[in-house]
Amino acid sequence: MAKIRLRAYLMRSGEFGKAHDAIVLAKFGKILVNGKIVRNPEFSVKTKDKVEFIDKGQRKLLKLKPFTYIVFNKPAGFVCQKSKVESSIYELIDQIREIDFETRKTLFCVGRLDKDTEGLVIVTNDGRLSDRLMKPESHITKTYLVKADMDLSQDDLIKLKGGVTIKSEDGKHFVKALEAKLLGEKSTELVIDEGKKRQVKLMFEAIGNKVVYLKRVGIGNLRLENLDFKGRNYIILERQELEKLLF
Ligand code: URA
């Protein structure tokens, strides 16, 4: 019998916008599993269990929405978090009418790109796939097309591959490119297997250069160039199809 943590169940029900809201409601005794109040968000729920939400005194049955997998080719100008002030990829997700409203509400981005970065973003409601892609031990590679402000030398590539120290919000990190190959005087394809915030831009700053254009062209074995977006900026895939492309 398939099991799932209560917090994940609540998020895949499409009833709650943020995991935090769902957890707080559980803590306040608003979630019932098989008729009993469960406050612990880590509680293990069987998929056949009856999960209800007490909303304004009424019990509302919460059903798991189907697993959904979307690959986006994100345009520049969209943030990957929900936002009321900036254009967000969630507005693009909301326009995908092949996916019903409630299921759309369960979707989240696996990792983030900066607002001005283009390219591959996986959007799903499958927490296991997301964990597999995000956990550092998985060493999932991310490939970027980088255009720099100034010419790049072979020496610069050697520095990027040898490792540079970057300073991000959570402190200093020594990070390396697994591969870096010159595509032109100012452009390179860079492969990394970590995901520190603004990592590529900070790596270029560390070698005294500046990123002027950034596009994620690969995640694992998934390559942007091999996908047929049919004139749109997203593709909906089955789990098996996506896994075959990624791993
Ligand atoms: N590195 C960056 O600097 N920005 C991104 O959006 C992704 C990787």
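# Pockets and ligand: exercises

The lining of the largest pocket has 14 nonpolar, nine polar and 14 charged residues (Asp, Glu, Lys and Arg count as charged, Gly as polar). The model is predicted, with local features needing pLDDT of at least 70 and side-chain atom pairs 80 or more, while totals for linings use all residues. Numbering starts from 1 along each chain, and side-chain values use heavy atoms, without hydrogens or water.

**Exercise 1.** Find which residues lie nearest the centre of the largest pocket, and which element gives the most to its lining.

*Solution.*
- Step 1: The volume of the largest pocket is about 1100 Å³ (1 Å grid, open points fitting a 1.4 Å probe, protein on both sides within 12 Å along at least five of seven lines; lining atoms within 4 Å of a point).
- Step 2: Of the 37 lining residues, Ala-8, Phe-108, Asn-125, Asp-126 and Gly-127 lie nearest the centre of the largest pocket.
- Step 3: At least two lining residues come from each of β1 (3–5), α1 (6–11), β8 (108–110), α5 (127–134) and α8 (239–246) (DSSP runs: helices H or I, at least four residues; strands E, at least two).
- Step 4: With seven residues, α5 gives the most to the lining of the largest pocket.

**Exercise 2.** Place the largest pocket relative to the domains, then state which domains line the second largest pocket.

*Solution.*
- Step 1: Domain 1 (3–62) and domain 2 (69–136 + 222–246) both contribute residues to the lining of the largest pocket, so the pocket lies between them.
- Step 2: The second largest pocket holds about 760 Å³ of space.
- Step 3: Its 31 lining residues include Gly-111, Arg-112, Gly-195, Lys-196 and Arg-216, which lie nearest its centre.
- Step 4: Two or more residues of this second lining come from each of α5, β10 (142–148), α7 (199–206) and β15 (211–219).
- Step 5: Domain 2 (69–136 + 222–246) and domain 3 (141–219) each supply at least three residues to the lining of the second largest pocket.
- Step 6: By class, the second lining has 13 nonpolar, six polar and twelve charged residues.

**Exercise 3.** List the residues that surround the ligand and determine how much of the ligand the protein buries.

*Solution.*
- Step 1: Leu-113, Asp-114, Thr-117, Tyr-144, Arg-198, Gln-199, Val-200, Lys-201 and Leu-214 surround the ligand (heavy atoms within 4 Å).
- Step 2: Asp-114 places a polar side-chain atom 2.7 Å from a ligand nitrogen atom.
- Step 3: For Thr-117, a polar side-chain atom lies 2.9 Å from an oxygen atom of the ligand.
- Step 4: Lys-201 uses a backbone N or O atom, 3.0 Å from an oxygen atom of the ligand.
- Step 5: The ligand taken alone exposes 240 Å², and the protein buries 96% of that (Shrake-Rupley, 1.4 Å probe).

How values were computed
Points joined across faces, edges and corners; volume = space filled by probe spheres on them. Domains from an automatic or database assignment. Polar contact = N/O pair within 3.5 Å; in protein donor to acceptor, adjacent residues only side chain to side chain.
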